[in-house]
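User: I am new to this structure and would be grateful for a close look at a single part of it. Please describe the aromatic rings and then the surroundings of the nucleic acid, explaining each term as it arises.

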Protein chains: 2
Amino acid sequence: MSEAAAPAPKPRAGRTATGRRRLRSALAVAALELFASQGYEATTVEDIVDAVGVGRRTFFRYFRSKEEVVFPDHDERLAEVVARLEAADPAEPPLAVVGATAEMVLEMYLAEPEISLKRFELTRAVPSLRDKEIASIDRYQRVFARYLRGRYCGEPHGDLRAAVGASAVVATHNHILRQWLKSAGSLDARAQLREALRLATASVHSPWGEQPAGSESAADERVVVGVVRTAASAETVRARVTGALAELSDDQ
Amino acid sequence: MSEAAAPAPKPRAGRTATGRRRLRSALAVAALELFASQGYEATTVEDIVDAVGVGRRTFFRYFRSKEEVVFPDHDERLAEVVARLEAADPAEPPLAVVGATAEMVLEMYLAEPEISLKRFELTRAVPSLRDKEIASIDRYQRVFARYLRGRYCGEPHGDLRAAVGASAVVATHNHILRQWLKSAGSLDARAQLREALRLATASVHSPWGEQPAGSESAADERVVVGVVRTAASAETVRARVTGALAELSDDQ
DNA sequence: TTGTTAGTGGCACTCAGTGCCGCTACGATT
DNA sequence: AATCGTAGCGGCACTGAGTGCCACTAACAA
């Protein structure tokens, strides 16, 4: 209260000494500390800038909003994801590309565990931040879906497959990430994600859609006999295989 | 401007005549009209209440925020979803229950096409509303995932399967809904959703996880011979079937 | 007629976010 | 070395969302 009584003589304590672009970092650090100690909503932007010793206006030069200080570099990360997808080998299976990109995103979280954990606690506690994170996750998913839509272009249910594939990858990524966060950085999340993606995206890898009654097949069509040993009934296996093999023609 | 010059004598034009709880509806209608005509952000809450002829304070008694007027009954709908899941027959396959619930949600949109379309346009144009909608959709997905987690409890990758299953259902629902909205209410979205759900959730219906090297099988194990006619190579079919039939023991 | 209560209006306030202007420190030019 | 341009910053004033509080009024009950 009383420390702000003299607006005329600016203290300017070590501002330029910290460097021009370190201000952003200093603001973020101070903000996260205050959020952790006294809560997100109870912390005003004025509290943050007072802790750093800069003007309130300066805060909004480095962050578009109070929420953005919690997710400082989401834009850059999304841009990396887009770049990665654009640079991907078109010979790779589409879902493998998306899965690998998801692994890259996971690596970003794993690279700075303490920040990821702080954010996790914050987003769990503050609804508005949770909503914000959901929205940014959705942006990843949209980018994934757009990529897959391009790769599945022309296929029977390409758009649907793209949407479901993207959502499966994102859901799997989030599941593994959440497990890792809850365990406070336990085991190899990378390997877990890879295995989980294998399970989750199994059905999306092969094309969907009803057989157009032997359209382009006929030529190189062959008869394949498979022998399966299982406890399930024959009818169950028939239904399962029928669903799984619905249109197995042009994908790898 | 000049119409607000006399604060003392309240006009009170037909307030009570419209009924006590119709005010909410009147506010929503006026808001949507203003949003459509002059844009969401350019419309202040004061504009809305002036159009209806009530005080600004009253608006916030009916809507928690300016955004909520666009999604007036999301809470009730989410409650309906929860109730439906809780009342579901435990004998039904879990994903069938969730799928049917998603169909119920779709029905809600289809029930009032003009409002759904207006909202669609608004959420497409205004980022903050889009984020809000994403967040509320995520709430559905969480409820779905929670339900599936309970049903898959104890199974190999139950939690992952629940997360992926829920996301697949939601992604499918959104895809069909979006198609319907883009076509301005064309054909039978119900049938499309049902078929799409069949495709999208095929792999999640059967349990996941690695075979425990013949644990409880042995007893009622049989040999099943399947004949498949396809254009794919034998190796492709083998890999596909192996993946699809990974653990086919207790689910129907 | 006299409480009682629910719904409302209005006022004042906090706080996020923005536009604008002035200041200052730094670098480049001559 | 003096000067100009500029980028970063502080501060002020403003808008608008959202909230707390209190007074008022209409309807209802005793």
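Analyst:
**Aromatic rings and the surface near DNA strand D**

Phe59(A), Phe60(A) and Phe63(A) are joined into a cluster by ring pairs; rings of Phe, Tyr and Trp (its six-membered ring) pair if their centres lie within 6.5 Å, and count as stacked with planes under 30 degrees apart, edge-to-face over 60 and tilted for the rest. The model is predicted, so local features need pLDDT of at least 70 and side-chain atom pairs pLDDT 80 or more, while totals for chains, interfaces and linings use all residues. Residues are numbered from 1 along each chain as its sequence is written, chains are lettered from A and ligands numbered from 1 in the order in which they are written, and side-chain values use heavy atoms, without hydrogens and water.

Over all chains, the whole structure holds six aromatic pairs. In one of them, Phe59(A) with Phe63(A), the pair is tilted because the planes stand at 40°, with the ring centres 5.4 Å apart. Phe59(A) counts as buried because its relative accessibility is 0%, and Phe63(A) is likewise buried, at 1%; buried means under 20% relative accessible area, exposed over 50% and partly exposed in between, with a 1.4 Å probe and protein chains only. In chain B, Phe59(B) and Phe63(B) also make a tilted pair, with 5.3 Å from centre to centre and 40° between the planes, and both of these residues are buried.

The surroundings of DNA strand D come next. The strand is surrounded by 22 residues, of which Thr58(A), Arg61(A), Arg56(B), Arg57(B) and Lys66(B) are the closest; a residue is near a strand if one of its heavy atoms lies within 4 Å of it. This surface comprises 10 charged, six polar and six nonpolar residues. Here α3 (56–62) of chain A and α3 (56–62) of chain B each supply at least two residues, and α3(A) gives the most, with five.

Bases and backbone of the strand both take part: of its atoms within 4 Å of the protein, 48% belong to sugar or phosphate and the rest to bases. A base oxygen of DNA strand D lies 2.8 Å from a polar side-chain atom of Arg61(A). Phosphate oxygens of the strand are approached by protein backbone atoms: a backbone N or O atom of Lys66(B) lies 2.6 Å from one, and a polar backbone atom of Val45(B) is 3.4 Å from one.

Conventions
Polar contact = N/O pair within 3.5 Å; in protein donor to acceptor, adjacent residues only side chain to side chain. Helix = DSSP H or I, 4+ residues; strand = E, 2+ residues; numbered from the N terminus. Nonpolar A, V, L, I, M, F, W, Y, C, P; charged D, E, K, R; others polar.
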